[in-house]
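Reader: Hey, got a minute to walk me through this one? I'd like to start with what holds the inside together.

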Amino acid sequence: ETVIGKKFTTAPGGKGVNQAVQCARLGAHVTMAGRVGDDAFGRLLVDTLARAGIETRGIRVDPTVFTTLAFVTLVDGERSFSFARKPGADTLLRFDELELSLIDQSRAFHFGALSLTDEPARSATRQAVAYARTQGKLVTFDPNYRPPLWRSEAQARAETLWGLEQADVVKLSDEELSFLWGCTPEEGARRLREECGVALAMITLGPQGCYLE
C-alpha cells in the first residue's frame with residue numbers, strides 16, 4: 001500500500017514512553033534511560049516526558065544520529081508500522097552512559113525487546129538487567145515485537161526468550177505468543193511460569209481482554 005498523499009500527525013510515544021507516562025499518571029515516580037537525537041523529534045520526546053512528570057536525567061542526546069521514528073498507518077482497522085532507524089539514536093546507547101544510581105533508587109526495572117535488536121544497546125540492556133537483578137529489583141518485560149526491526153525471526157525469538165527468562169512480570173500479546181510458541185493463552189502462561197520462571201504472566205487478547213496467571 002502506498003502512503004503517498006497521506007498526512008502523518010506527530011505523536012510522541014513508543015511502547016516504553018507510553019508505559020512510563022501511564023505509571024506516572026498512577027502516581028509512581030518514573031525515570032527513563034535511553035538515547036535520542038539532537039533534533040526536533042528528540043527534543044519533543046524529552047519535553048513530553050518532562051511535562052508528564054518523568055525524570056529525564058537518564059536520557060542521552062546524540063548530535064550524530066537521528067531520533068528513531070515509527071510511522072503508523074491504519075489498514076482495515078489494523079495498524080501497520082514502518083520505521084526510520086538505520087541506525088536510530090536508541091540503538092547506540094552504551095552501558096557506561098547509564099546512571100546506575102537511578103536503578104539503585106528504584107523498586108522496579110522495566111525493559112523491552114526493541115533495545116535488544118542492535119549493538120551497543122543490546123549489551124547495555126543485558127548489563128542493566130543483570131545489574132537490576134543483582135540489586136534485588138523487580139524486573140518487568142514487554143517484548144513489543146515489531147518484525148521490521150529485527151534481522152531475522154530467529155534473532156527476534158532468541159532475544160525475546162532471553163528477556164522472558166530475566167523477568168518477574170511479563171506482558172505478552174496473543175500475537176507474540178503465537179510467534180513464540182503457537183499455543184493457547186493458558187499454555188503460554190504455564191510455559192512462562194514453569195519454563196521461564198515468571199512470577200506473573202499477562203497475555204493481552206485484543207478485544208477479549210487479558211489473561212493473567
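Author: Sure, one term to begin with: a nonpolar core is a set of buried Ala, Val, Leu, Ile, Met, Phe, Trp, Tyr and Cys residues joined through side-chain atoms within 4.5 Å. Buried means under 20% relative accessible area, exposed over 50%, partly exposed in between, with a 1.4 Å probe and protein chains only.

Reader: And what are we looking at, how are things counted?

Author: This is a predicted model, where local features need pLDDT of at least 70 and side-chain atom pairs count only at pLDDT 80 or more, while totals for chains, interfaces and linings use all residues. Residues are numbered from 1 along each chain as its sequence is written, and side-chain values use heavy atoms, with hydrogens and water left out.

Reader: OK, how many residues does the largest nonpolar core have?

Author: The largest nonpolar core has 33 residues, and Phe111, Leu164, Val170, Leu172 and Leu192 have the most contacts inside it. Elements giving two or more residues to this core include β5 (108–112), α5 (153–166), β7 (169–173) and α7 (185–194). Apart from it there is another core of 11 residues, among them Ala20, Val36, Leu49 and Ile59.

Reader: How do you pick helices and strands?

Author: They're DSSP runs numbered from the N terminus: helices are H or I with at least four residues, strands are E with at least two. The protein chain has 7 helices and 9 strands. Its radius of gyration is 17 Å, close to the 17 Å that the globule rule gives for 213 residues, so it is as compact as a globular protein of that length. That radius is taken over C-alpha atoms, and the rule is 2.2 Å times the number of residues to the power 0.38.

Reader: Back to the core. What does Leu192 touch?

Author: Leaving aside neighbours within four places in sequence, Leu192 is in contact (heavy atoms within 4.5 Å) with Leu164, Val170, Leu172, Trp181, Gly197, Val198 and Ala201.

Reader: Which residues of α5 are buried?

Author: Gln155, Ala156, Glu159, Thr160, Trp162, Gly163, Leu164 and Gln166. What covers them includes β5, α4, β6, β7, α6 and α7.

Reader: A Gln in there? Why does Gln166 count as buried?

Author: Because its relative accessibility is 14%. A polar atom of the Gln166 side chain lies 3.0 Å from the backbone oxygen of Trp162. Beyond its neighbours within four places in sequence, Gln166 is in contact with Phe111, Val129, Arg133 and Val139.

Reader: Switching topic: Arg35, buried or exposed?

Author: Buried, with a relative accessible area of 10%. Arg35 lies in strand β1 (residues 31–37). A polar atom of the Arg35 side chain is 3.4 Å from the backbone oxygen of Leu92.

Reader: What else is in contact with Arg35?

Author: Leaving aside neighbours within four places in sequence, its contacts include Arg60, Asp62, Asp90 and Glu97.

Reader: Last one: in what sense do β3 and β4 pair?

Author: Antiparallel, with β3 (residues 69–75) and β4 (residues 78–84) joined over 7 bridges; strands pair if DSSP finds at least two bridges between them. Val72 has Phe81 as its bridge partner in β4. The two strands form a hairpin with 2 residues between them, and Asp76 in the turn has a positive phi of about 55°.

Notes: Polar contact = N/O pair within 3.5 Å; in protein donor to acceptor, adjacent residues only side chain to side chain.
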